[in-house]
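Hi there,

Here is the structure I promised to pass on to you. Please have a look at it first, and then read my notes underneath.

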Amino acid sequence: MIQTSLSTLLSSYLWGLMLLVGLIWLTGEWHRRHRRRLERRHDVICRLCHEIFRDPSSESLITCPNCAALNERRQPREL
Ligand SMILES: [Zn+2]
């Protein structure tokens with residue numbers, strides 16, 4: 001039988017609980033960022049009028065629906 005003190009047992013339990021909560025938080029954060037990246041995959045920001053619009057095509061030059069300027073497809077920056 002393993003002998004341990006009550007304080008060692010409690011601190012082990014608390015460390016394990018904190019580790020579990022941290023892992024759950026990290027997994028949730030990863031899922032949230034991944035989902036946002038997938039949602040913003042087709043977003044385009046116009047270089048002239050800064051309109052944000054969605055274009056699901058895979059063309060490299062996209063016409064802005066607001067000002068008709070041609071824009072290159074780029075990944076929007078994270079805010
Ligand atoms: Zn525009």
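Below is what I found, starting with the overall layout and ending with how the parts sit relative to one another.

One thing to keep in mind from the start: this is a predicted model.

The protein chain contains one helix and four strands. If you follow the sequence from its beginning, these elements come in the order α-β-β-β-β. The radius of gyration is 24 Å, whereas the globule rule gives 12 Å for 79 residues, so the protein chain is more spread out than a compact globule. You can also see this in the dimensions of the C-alpha trace, which spans about 75 × 20 × 15 Å along its principal axes.

Now to the helix. Helix 1 takes in residues 6-39, which makes 34 residues. From its first C-alpha to its last it reaches 49 Å, close to the 50 Å expected at 1.5 Å a residue. Helix 1 is also hardly covered, as the count of buried residues in it is zero. Over the protein chain as a whole, 1% of the 79 residues count as buried.

As for the division into parts, domain 1 runs over 1-39 and domain 2 over 42-79. Their C-alpha centres are 40 Å apart. Finally, a word on contacts: among those in the protein chain with a separation of 6 or more, 18% are between residues 24 or more positions apart.

I hope you enjoy exploring it!

Best wishes

Key:
Residues are numbered from 1 along each chain as its sequence is written. This is a predicted model: local features need pLDDT of at least 70, side-chain atom pairs count only at pLDDT 80 or more; totals for chains, interfaces and linings use all residues. Helices (H or I, at least four residues) and strands (E, at least two) are DSSP runs, numbered from the N terminus. The expected span of a helix is 1.5 Å times one less than its number of residues. A residue is buried if 20 or more other C-beta atoms lie within 10 Å of its own, exposed if 12 or fewer, and partly exposed in between; C-beta atoms are placed from the backbone. The radius of gyration is taken over C-alpha atoms; the globule rule is 2.2 Å times the number of residues to the power 0.38. Two residues are in contact if their C-beta atoms, placed from the backbone, lie within 7 Å. Domain bounds come from an automatic or database domain assignment.
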